[in-house]
Amino acid sequence: MTLAETLKLAPVVPVLIIEDAAQAVPLAKALVAGGLYALEVTLRTPVALDCIRRIAGEVEGAVVGAGTITTAQARQSAADAGARFGVSPGLIDGEGVDGALPLLPGIATASELMRGLRAGFTHFKLFPANVVGGTAALKAFASPFPQASFCPTGGIDAKNAPDYLALPNVICVGGSWVAPADAVRAGDWGRITELARAASALGKS
């Protein structure tokens, strides 16, 4: 599956910070049950790679990816764990479209976007979206960079996600609101499935 195909699976890619590996499989199953299939497990906890490994091996329908990839080694480690795509907060020196796994690099400025396009990327994460201009920035990028598509992340929630998804250069959004920390800690998978179901219905306006 290409990166573009992965990003088109649903309008929202859950951004997951998992503290306990035992939560990984039930959390992923709850999200998939709600219609969210591409899952970004951020490499921000010691158990992240184990979580990716478990989801990849046990959750039917999940397309698990790794977030917060900042080095070539992290990209390789994520691929070795079973990740099928990677997400970076920025451009990684020396890393292009050819690598251990498909990569969605983050950009915040036109100059970074130009660097990414020169490296062969066409899909980008606008990050942190709410800080670097949000929908206004994406609208501004549309005309000079028609070949670029975006998955904005950072400060996006159920309320403002439709504003992003309405833009022609936005393929999906990334957000953590579909897996609230308190629901994960409590094992309230039903609540997470309902949040995922609502997010999967956002679509394009």
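Is Cys172 buried or exposed in this predicted model? Cys172 is buried, with a relative accessible area of 0%. The legends below begin with the cysteines and then turn to the sheets, the helices and the loops.

**Figure 1. Cysteines without a disulfide.** A disulfide is a covalent bond between the sulfur atoms of two cysteines. The structure holds zero disulfides. Cys172 takes part in none, and the cysteine sulfur nearest to it, that of Cys151, is 3.5 Å away. A pair of sulfur atoms must lie within 2.5 Å to count as a disulfide, so this pair does not qualify. Cys172 has a relative accessible area of 0%. Cys51 is also buried, and its relative accessible area is 0%.

**Figure 2. The largest nonpolar core.** In soluble globular proteins, nonpolar side chains tend to be buried together. Here the largest nonpolar core has 58 residues. The members that touch the most others are Leu31, Val41, Leu113, Phe150 and Val173. Helix α2 (residues 24-33) gives the largest share of this core, seven residues. Another core lies apart from it and has 11 residues, including Leu3, Val63, Val87 and Ile171.

**Figure 3. The surroundings of Val41.** Leaving aside residues up to four places away in sequence, Val41 touches Leu16, Ile18, Ala48, Cys51, Ile52, Ile55, Val64, Gly65, Ala66 and Gly67. One of these contacts, Ala66 in β3, stands opposite Val41. Another contact, Cys51, is buried.

**Figure 4. The six-stranded sheet.** Strands of a sheet pair through backbone hydrogen bonds, either parallel or antiparallel. This open sheet has six strands in the order β5-β4-β3-β2-β1-β9, and its pairing is parallel. At the edges are β5 (103-104) and β9 (173-175), each of which pairs on one side only. Within the sheet, β2 (residues 38-42) and β3 pair in the parallel sense over five bridges. Glu40 stands opposite Gly65 in β3, and Val41 stands opposite Ala66.

**Figure 5. Strand β3, covered on both faces.** In a regular strand the side chains alternate between the two faces of the sheet. How many of the five residues of β3 are buried? The count is five of five, and the strand is mostly covered. Val63, Gly65 and Gly67 lie on one side, Val64 and Ala66 lie on the other, and all are buried.

**Figure 6. The three-stranded sheet and its helices.** A second view shows an open sheet of three strands, in the order β6-β7-β8, with parallel pairing. β6 (106-107) and β8 (149-150) each have a single partner strand, so one side of each has no neighbour in the sheet. β7 and β8 pair in the parallel sense over two bridges. His123 has Ser149 in β8 as its bridge partner. Two helices lie across these strands. Helix α5 (residues 110-118) lies across β6, β7 and β8 and runs at about 155° to β7. Helix α6 also lies across β6, β7 and β8, running at about 150° to β7.

**Figure 7. Helix α2 and what it packs against.** Seven of the 10 residues of α2 are buried, and the helix is mostly covered. The buried residues are Ala24, Val25, Leu27, Ala28, Ala30, Leu31 and Val32. They pack against β1 (12-16), β2, α3, α8 (181-186) and α9 (189-200). After α2 comes Gly35, whose phi is positive, near 100°.

**Figure 8. Helices α3 and α4 in contact.** Two packed helices are described by the angle between their axes and the distance between the axes. For α3 (residues 48-58) and α4 the angle is about 35°, and the axes are 8 Å apart. On the α3 side, Leu49, Ile52, Arg53 and Ala56 meet Ser77, Ala78 and Ala81 of α4. The residues of this contact divide into five nonpolar, one polar and one charged.

**Figure 9. Two loops with backbone features.** A cis peptide bond, with omega about -15°, joins Phe127 and Pro128. Pro128 is in the loop between β7 (123-126) and α6 (134-142). The other loop, between β3 (63-67) and α4 (72-81), holds Thr68. Thr68 is a residue other than glycine with a positive phi, near 60°. Its relative accessibility is 22%, so Thr68 counts as partly exposed.

Definitions and conventions:
Residues numbered from 1 in each chain as written. Predicted model: local features only at pLDDT ≥ 70, side-chain atom pairs only at ≥ 80, totals over all residues. Heavy atoms only, no water. Core = buried A, V, L, I, M, F, W, Y, C linked by side-chain atoms within 4.5 Å. Buried < 20%, exposed > 50% of the residue type's maximum accessible area, 1.4 Å probe, protein only. Helix = DSSP H or I, 4+ residues; strand = E, 2+ residues; numbered from the N terminus. Contact = heavy atoms within 4.5 Å. Axes fitted to C-alpha atoms, helices over the stretch in contact; angles between N-to-C directions. Nonpolar A, V, L, I, M, F, W, Y, C, P; charged D, E, K, R; others polar. Pairing = 2+ DSSP bridges.
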